[in-house]
Structure formats: structure tokens, C-alpha cells
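Visitor: I've got a few minutes before my next spin. Can you walk me through this one?
Guide: Sure, pull it up and ask away.

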Amino acid sequence: MAASEVQLGTPISGMGDGRDILDHQTVEEEGIVIGGGTDSDYQELLDRVFNIIAGNNPDLAVNRGKVVMCPPKILREGTRKTVFVNFMESCKTLRRDPNHVMDFFLSEMATSGSLDGQHRLVMKGRFAPKSFESILRRYINAYVICNGCKGHDTTITKENRLFFLRCEQCGSSRSVDRIKAGFVAHVGRRNA
């Protein structure tokens with residue numbers, strides 16, 4: 001066994017007094033501190049290991065930055081319409097097609113709506129801002145987050161009538177459900 005290889009529970013060679021690795025004494029071998037260190041020593045070693053990994057294997061070094069999204073800004077327009085003001089910002093942050101996100105919202109809220117000239121989502125009905133937040137979270141869990149690595153760097157592709165969520169970081173793929181059409185009000189005369 002080399003000097004740098006130490007198994008747990010076995011005496012460390014060269015100590016002489018039979019202390020094992022579980023003692024809280026500091027032993028230095030080739031620049032590595034074993035046992036008895038503080039939390040700051042642990043953090044330094046952890047940073048050092050990740051820097052070595054990132055230097056030698058850049059593909060293995062996953063730099064998962066957090067995506068910070070603004071909460072939905074909701075306004076009432078008149079008495080019968082609700083407006084999602086920062087809808088396009090949310091779509092750009094999620095890197096998703098606005099029509100896909102809009103279809104999900106309209107389906108979940110069982111209403112109709114459209115994008116106006118200022119790229120805001122205008123929906124018929126009165127809805128609470130909390131409901132927009134919960135629906136946005138459901139959309140992110142279903143159509144953005146990778147189940148393998150929990151990363152957000154994903155794309156949706158369509159293959160043979162099926163939609164697949166592909167992760168750019170880990171390469172995993174899973175099928176996702178189509179957005180089902182919700183309630184659609186038919187306005188006008190009935191056919192006799």
C-alpha cells in the first residue's frame with residue numbers, strides 16, 4: 001500500500017503509536033490533510049478537487065447556474081380580462097416558444113386568450129396572481145427541468161407525433177405529453 005493510500009480503520013504507517021484514521025489528529029502526507037480539519041479546510045479541498053476536475057475534463061465539470069425568474073406580473077384589464085405582463089420575459093428565460101407556453105396556460109386555466117401588440121398574454125376571465133405562479137411551476141416541472149440531472153438547459157423536439165425533452169448537459173431524453181386543448185367557447189349561432 002502506497003503512502004497516499006489510507007483505508008479507514010487501519011493504522012497509518014509511520015505513526016508508531018497505533019492511532020487509526022478515525023482519531024481527530026491532523027496527519028499531513030504529500031499536502032493532503034486527513035482528519036481534524038475545520039469546515040474551511042474542507043471547503044478549500046472541495047474547491048481544489050472541482051478545479052482539478054474542471055481543468056482536466058471540461059465535459060465533466062457541470063456548471064449549473066441558477067435561473068432566476070421574475071414572478072409573473074398580473075394586471076386586470078377592465079372587469080373581464082387578466083393580463084400577464086412579463087409573459088415574453090418568462091418565455092425567453094425558459095427558452096421556450098411563446099405559443100407553447102401560451103397553449104399550456106390557456107389549457108390549464110380553461111379559457112381563451114391571445115398575445116397583444118405589446119407581447120402580453122391577455123386572457124378572458126379574472127384570475128389570481130397565485131394561480132399564474134403555480135401554473136408556471138407546473139410548466140417548468142413538466143416541460144423544462146431534466147429528470148436526470150435536474151438541469152434547465154433542455155430543448156423540446158418533435159419526432160413522429162411525439163414530443164421529447166432533451167437535456168443538453170447530460171444527454172438524457174424523455175417524452176413529454178402534448179398540451180391538451182382546454183375549454184373553447186363557441187360564440188355565434190348554432191347549426192340547426
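Guide: We'll go from the overall layout to the aromatic pairs, the salt bridges, a sheet and a surface patch.

Visitor: What kind of model is it?
Guide: A predicted model.

Visitor: OK. How many helices and strands in the chain?
Guide: Four helices and nine strands. From the N terminus, the order reads β-β-α-β-β-α-α-β-β-α-β-β-β.

Visitor: And what share of the residues is buried?
Guide: Buried residues are 23% of the 192 in the chain.

Visitor: Let's talk aromatics. How many pairs turn up in the whole structure?
Guide: Eight aromatic pairs. One of them is Phe-84 with Phe-132. Their rings sit edge-to-face, 5.7 Å centre to centre, with 70 degrees between the planes.

Visitor: Why does that count as edge-to-face?
Guide: Because the cut-off for edge-to-face is over 60 degrees, and the planes of Phe-84 and Phe-132 are 70 degrees apart.

Visitor: Where in the chain do the two residues of that pair come from?
Guide: Distant parts. Phe-84 belongs to strand E4, residues 81–84, and Phe-132 to helix H4, residues 129–143. They are 48 residues apart.

Visitor: Is Phe-84 buried or exposed? And Phe-132?
Guide: Phe-84 is buried, at 0% relative accessibility. Phe-132 is buried as well, with a relative accessible area of 0%.

Visitor: Which residues make up the aromatic cluster with Phe-84 and Phe-132?
Guide: Phe-84, Phe-87, Phe-105, Phe-127 and Phe-132 form one cluster.

Visitor: Switching to charges. How many salt bridges?
Guide: The structure has five. Among them is Glu-77 with Arg-120, at 3.2 Å from N to O. That one also links distant parts of the chain, 43 residues apart. Glu-77 is in strand E3, residues 74–77. Arg-120 is in the loop between strand E5 (113–115) and strand E6 (121–124).

Visitor: What else does Arg-120 bridge to?
Guide: Asp-116, at 2.9 Å from N to O.

Visitor: How accessible are the three residues?
Guide: Arg-120 is buried, with a relative accessible area of 16%. Glu-77 is partly exposed at 36%. Asp-116 is partly exposed at 23%.

Visitor: Why is Arg-120 called buried if its area isn't zero?
Guide: Because buried means under 20% relative accessible area, and Arg-120 has 16%.

Visitor: Got another salt bridge?
Guide: Glu-159 and Arg-166, 2.4 Å from N to O. Glu-159 is partly exposed at 34%. Arg-166 is partly exposed too, at 27%. As for networks, shared partners join Glu-77, Asp-116 and Arg-120 into one.

Visitor: Now the sheet. What's the strand order?
Guide: E7-E8-E9, an open sheet of three strands with antiparallel pairing.

Visitor: Which strands stand at the edges?
Guide: E7 (154–159) and E9 (173–176). Each has a single partner strand, so one side of each has no neighbour in the sheet. Neighbouring strands are turned by 30 degrees against each other on average, direction ignored.

Visitor: How many bridges between E7 and E8?
Guide: Six, in the antiparallel sense, with E8 covering residues 162–167. Lys-158 has Phe-163 in E8 as its bridge partner.

Visitor: How far is Tyr-143 from Phe-163?
Guide: They are 9.9 Å apart, C-alpha to C-alpha, and 20 residues apart in sequence. Tyr-143 is in helix H4 and is buried, at 6% relative accessibility.

Visitor: Last one. Which residues make the nonpolar surface patch?
Guide: Val-49, Phe-50 and Ile-53, about 260 Å² in total. Val-49 is in helix H1, residues 39–56, and is partly exposed at 43%.

Notes
Residues numbered from 1 in each chain as written. Predicted model: local features only at pLDDT ≥ 70, side-chain atom pairs only at ≥ 80, totals over all residues. Heavy atoms only, no water. Phe/Tyr/Trp six-rings, centres within 6.5 Å; stacked < 30°, edge-to-face > 60°. Helix = DSSP H or I, 4+ residues; strand = E, 2+ residues; numbered from the N terminus. Buried < 20%, exposed > 50% of the residue type's maximum accessible area, 1.4 Å probe, protein only. Patch = residues over 30% accessible without salt bridge, like charges linked within 9 Å, V, L, I, M, F, W, Y side chains within 5 Å. Areas by Shrake-Rupley, 256 points an atom, 1.4 Å probe, with all protein chains shown as cover. Salt bridge = Lys/Arg side-chain N within 4 Å of Asp/Glu carboxyl O. Pairing = 2+ DSSP bridges. Axes fitted to C-alpha atoms, helices over the stretch in contact; angles between N-to-C directions.
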